Every structure is written in C-alpha cells, then in structure tokens.
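Visitor: I am new to this structure and would like to be led through it slowly, one question at a time. Could you show it to me before we begin?

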Amino acid sequence: MEPPRFPYRHPYREVVPSTQLGRGRVDNVARPLHYRLPKLIAWTDGRTHSRTISRRPLSSTLVPSFVLRFTTAGESHGPGLVSILEGVPAGLPLSAQDVDRELRRRQQGYGRGRRMQIEQDAIELLSGVRAGQALGSPIAMLIRNRDWRSWQEIMDPAVREGDPAARRRAVTRPRPGHADFVGMLKYDREDARDILERASARETTARVAAGAICRRLLEEIGVSVGSHVVHLGGIDAETPAELPADLNAASDASPVRTLDSAAERQMVELIDRTKRAGDTLGGVCEVVCRGLPLGLGSHVSWDRKLDGRLAGALMSIPAVKGVEIGMGFGAARVPGSAVHDELGADPQRPRAGHVGRGTNRAGGLEGGMTTGEPLVLRVAMKPISTLMKPLGTIDVTTGEPAAATAERSDVTAVPAMGVIAEAMVAFVMADAVVEKFGGDSLNELRRNMDGYLSQVAARTNW
Ligand SMILES: Cc1cc2nc3c(=O)[nH]c(=O)nc-3n(C[C@H](O)[C@H](O)[C@H](O)COP(=O)(O)O)c2cc1C
C-alpha cells in the first residue's frame, strides 16, 4: 500500500544551508530541530574536524523540553514571583484571568495555612501578549507577594544597617525533611532563610502561571487536564468507574478535591485531628489528561519518551516522592494478561487511530508515546516537613540538640499539589504538541495537526 501523502511539509524539519556546515561541504539532509547538527570546521592547511551544535533549547528544569521552556524566579517572602514561558504559538487567545483562575485553584484546599487567604494571587502580564493574543515571544508574568511590606525588613535585597544581625527571624534550627540543612552548607549560608525562601512551594505559583497558558493551548485543540485526590493520610477515596466530564468542576467543589463524599468527611476530620496534634499529612492525586491525539512523544530516544518527561516534571514538585503511570507499581504484581490493553477497531475514535482498548491500564502511554487514551498519572506527596510539634534537630550555631523551626505552615497541601501537578502535565503535553505539530502560530499548529490526523485516518480506514 502506498503511504498516504502529507498535504503539508513536516513542521519541525528544516534544511540546513550548506553555508552553516563549513567550507565546501553540502549537507542539506532534513533533520528534526532538536538533533545535534554536525558543523565542519575547515583549517587553512586543508584539515577539517567536526563538532556538533545542539539546536535544542536548553531546558529550564531537568525535564527535557523540546520547544517550550519556562523558568521561574522569586523568594517566598520577597517582593514577588516571576514566570517566563517561551515557545507559545502566536495567536493563542490569552488573558490574565485565564491564569488568575488557576492561581486561585492552587490556593484552595482544606488544611492550608492562613497565608493562602492573604495572598489572592494575580498576575501582571509584562510581555508576550497583545490585544488578548500571544505574540509568539516570551510571556513574562509577575505575581506580587501581598505580604511583602511586613517582610521587607527581613528580605530587603539592599544592605541594611547592622546586617547581618539586624535581620530578624533567622532560621538556625533546620527542619528535618526540608532543604534547610543541606542548603545552608552547600550554599555557605548562616541563616537557613536564604535556602527556605526559595525551596518553599510558593515557587509553584509561578509554575501554575506557566501551566495555565499551556492549558489554554491544549484547550484550543480539545485537550483537558484535571485532577482529584485519591488518598490522604491513610484514607482512600473511591474513584467512580466513569470520571465526570468536567473533572475539575467536580473535584474543586470538594474542600479536599476528592470525588468521594464519604472519604471527604473522613479526610476533613483527619486534617482537624492532625492539626490539633501538631502533625502533617501526605497523600496522592490522580491527574487525567483527555483528548490527546496518539503519537505525541517518541520511542526513539530516552529523553523523548513521555513517561520520563512526565515523571521528571512531576517529581520536581516539592514534597512529591512518587509517580505512577496507569497501573504503575501494580503492574509489577500481576501477569501480562492482566496488564496490557487489548486492541479492537473502533471507528468512533479518530484520535486513538480508530482503535478502542476497552481498558486503559497503560495510562495512555505506550513506548513513550500517547495512545489516544486518557493519560492517567498518580502523584504521591509526603507529609509537610514543618511540624507545629517540631521534630528534633540541631541548632547549627552551637551543634546542640534543639526543636526544629516551626514557622506557620500547612497541615496538608495535597489538594493544591494536584493543581500544581496539572500545571506540570500541561507544560509537558503542550511541549509535546508543539514539538509534533510545529508552533509559530496557532493556525499553523492546527493545520499540521489536522493533516496528521488525516494521515492516521487514511491508514486506519479498516
Ligand atoms: C503546595 C505545597 C505546599 C507546601 N507547603 C509547605 C509548608 O507549608 N511547609 C513546609 O514545610 N513544606 C511545604 N511543602 C513542601 C516543601 O516545599 C518541601 O518538602 C521542601 O521544599 C523540601 O523538598 P522535598 O520534600 O522535595 O525534598 C509544600 C509543598 C507543596 C507542593
């Protein structure tokens, strides 16, 4: 059978002009942009040697990103946070409200500290958007910390009279489970505040801002990202056989973002009891991404496999200690016949290659690529490490035993972690979409996606 013809040029291939490749050498082979391109260096005595130039943009995290990248800046009690996202296609409809809505979702959740009420995060769009549309240039967002004034004396970037002793609230009793102790030694700081201000999960506000824009891009091509809490501090929530069509509308209606109202009551009681005991709780969120076309990501190289890209992104969230895809660890305990999803023709599912699987134990990924089934990930968070009934530590000024610092903090942040996990998944999946379909403009991306889906349809016309 003759392979179907593309009605378009492959979006992320380019012809390398011979002039870029050194004297007298013609190499106009089309390569994906992220490949390393050989460059021939010609010496005057006629010798040549080659070196490679990487065309892949540097990732701002350890997560390999191929086209999109984002970075964040800001301390927890500094003047504010900054989020810069680059690679968003021009023409994406975008408003500050799209981002603010997600920031508000991150601030919800039973068990959070009082700071969540003070903050009421909102962004100021500094660049990359004009008249409600992305320009294709870096999008910079500023989120001011509302309580900066009360922290100015402590966090002032300028030298103050009497420094460093003048700085109040120095942290010298590092909290077990936090970045305090190792950070102090590694960065040669006397006050663990220099570490905890950045290690604090306040930074994830800037991630949620970037993720909100990625979510907007996914929405434009019919892809949704949602989450719900499936476990909190020893209490399992029942997951309905069929998830609600608007997963977030259902989970956000619960104070602990769970779909199981009986479990919700128990979780709320447990949080209250744990708070009284001065302790903290962890839990597990499930993130679900629906509407993805098959074939995002790739099997060909380790860093292009979506399993790794997603796990890396999720594991980078503070306090996250485990990620499962589909059956996850459960798949290791049962035979293959109880794990793998059998295929059957299904003309109703063009985005899945006209195939239905009946089950989705793989969680929407095979060979590092999307299958067209919902992407299902579970993310486990440890209990918060600041305990109001503090754990034992040492005072680093004396080496003497001490009770760890107990700055006001959350009892649990599992519901909020789900929103942050959604943001990280939105980033990785938007990156995979732009990688596959190209992304100077939204129209171009749509055309390329339609062309690809026609190609898949032509091959699956059984
Ligand atoms: C949404 C969210 C809120 C958090 N809130 C707190 C907190 O109030 N107090 C605290 O000690 N840790 C909190 N953490 C966890 C710490 O940021 C994290 O444990 C710490 O940075 C050390 O990193 P690690 O746990 O990944 O090793 C929070 C984490 C998340 C995701």
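Visitor: Which residue in E13 is the bridge partner of glycine 226?

Guide: In this predicted model, strand E11, residues 224–232, pairs with strand E13, residues 283–290, in the antiparallel sense and over eight bridges. Within E13, the residue that forms the bridge with glycine 226 is valine 288.

Visitor: About what angle does the direction of H10 make with that of E11?

Guide: Helix H10 packs on the sheet and touches E11, E13, E14 and strand E19, which covers residues 375–381. The direction of H10, set against that of E11, makes an angle of about 145°.

Visitor: What is the order of the strands in the open sheet of five strands, and why is one side of E12 and of E14 left without a neighbour?

Guide: The pairing in this open sheet is antiparallel, and the order of its five strands is E12-E11-E13-E19-E14. Strand E12 (235–236) and strand E14 (320–325) stand at the edges, and because each has a single partner strand, one side of each lacks a neighbour in the sheet. The reason asked for is therefore the single partner strand.

Visitor: Which helix gives the most to the shell around the ligand?

Guide: The ligand is surrounded by 19 residues, the closest being Ala201, Pro318, Thr386, Ser409 and Ala413. By class, this shell has 11 nonpolar, seven polar and one charged residues. With three residues, the helix that gives the most to the shell is H10, residues 414–437.

Visitor: What is the order of the strands in the open sheet of four strands, and which of its strands stand at the edges?

Guide: This open sheet has antiparallel pairing and the strand order E5-E6-E10-E7. One side of each edge strand is without a neighbour in the sheet, because each has a single partner strand, and these edge strands are E5 (69–73) and E7 (123–127).

Visitor: By how many degrees are neighbouring strands of the four-stranded sheet turned against each other on average?

Guide: The sheet in question is the open one with the order E5-E6-E10-E7. If direction is ignored, its neighbouring strands are turned against each other, on average, by 20°.

Visitor: How many bridges join E7 to strand E10?

Guide: Glutamate 124 stands opposite leucine 142 in E10, and isoleucine 123 stands opposite isoleucine 143 in E10. Strand E10 covers residues 139–144 and runs antiparallel to E7, and the number of bridges that join them is four.

Visitor: Which residue stands opposite alanine 140 in E10?

Guide: Strand E6, residues 80–86, is joined to E10 by six bridges, and the two run antiparallel. Opposite alanine 140 of E10 stands isoleucine 84.

Visitor: Along E10, which side chains point to one face and are buried?

Guide: In a regular strand, the side chains alternate between the two faces of the sheet. Along E10 this alternation appears as well, with Ala140, Leu142 and Arg144 pointing to a face where they are not buried. The side chains that point to the other face and are buried belong to Ile139, Met141 and Ile143.

Visitor: Is alanine 140 buried or partly exposed?

Guide: Alanine 140 touches Val82, Ile84, Leu126, Ser127 and Gly128, when residues up to four places away in sequence are not counted. A residue needs 20 or more other C-beta atoms within 10 Å to be called buried. Alanine 140 has 17 other C-beta atoms within 10 Å, so its class is partly exposed.

Visitor: How far apart in space are proline 390 and proline 176?

Guide: Proline 390 lies in the loop between E19 and strand E20 (392–394), and because it has 16 C-beta neighbours inside 10 Å, it counts as partly exposed. Proline 390 and proline 176 are 214 residues apart in sequence, yet their distance in space, C-alpha to C-alpha, is 9.3 Å.

Visitor: Which residue is joined to proline 164 by a cis peptide bond?

Guide: Most residues other than glycine have a negative phi, and most peptide bonds are trans. Proline 164 lies in the loop between helix H3 (148–155) and helix H4 (180–186). With omega at about 0°, the cis peptide bond joins proline 164 to aspartate 163.

Conventions:
Residues numbered from 1 in each chain as written. Predicted model: local features only at pLDDT ≥ 70, side-chain atom pairs only at ≥ 80, totals over all residues. Pairing = 2+ DSSP bridges. Axes fitted to C-alpha atoms, helices over the stretch in contact; angles between N-to-C directions. Near = placed C-beta within 6 Å. Nonpolar A, V, L, I, M, F, W, Y, C, P; charged D, E, K, R; others polar. Contact = placed C-beta atoms within 7 Å. Buried ≥ 20, exposed ≤ 12 C-beta atoms within 10 Å, placed from the backbone.
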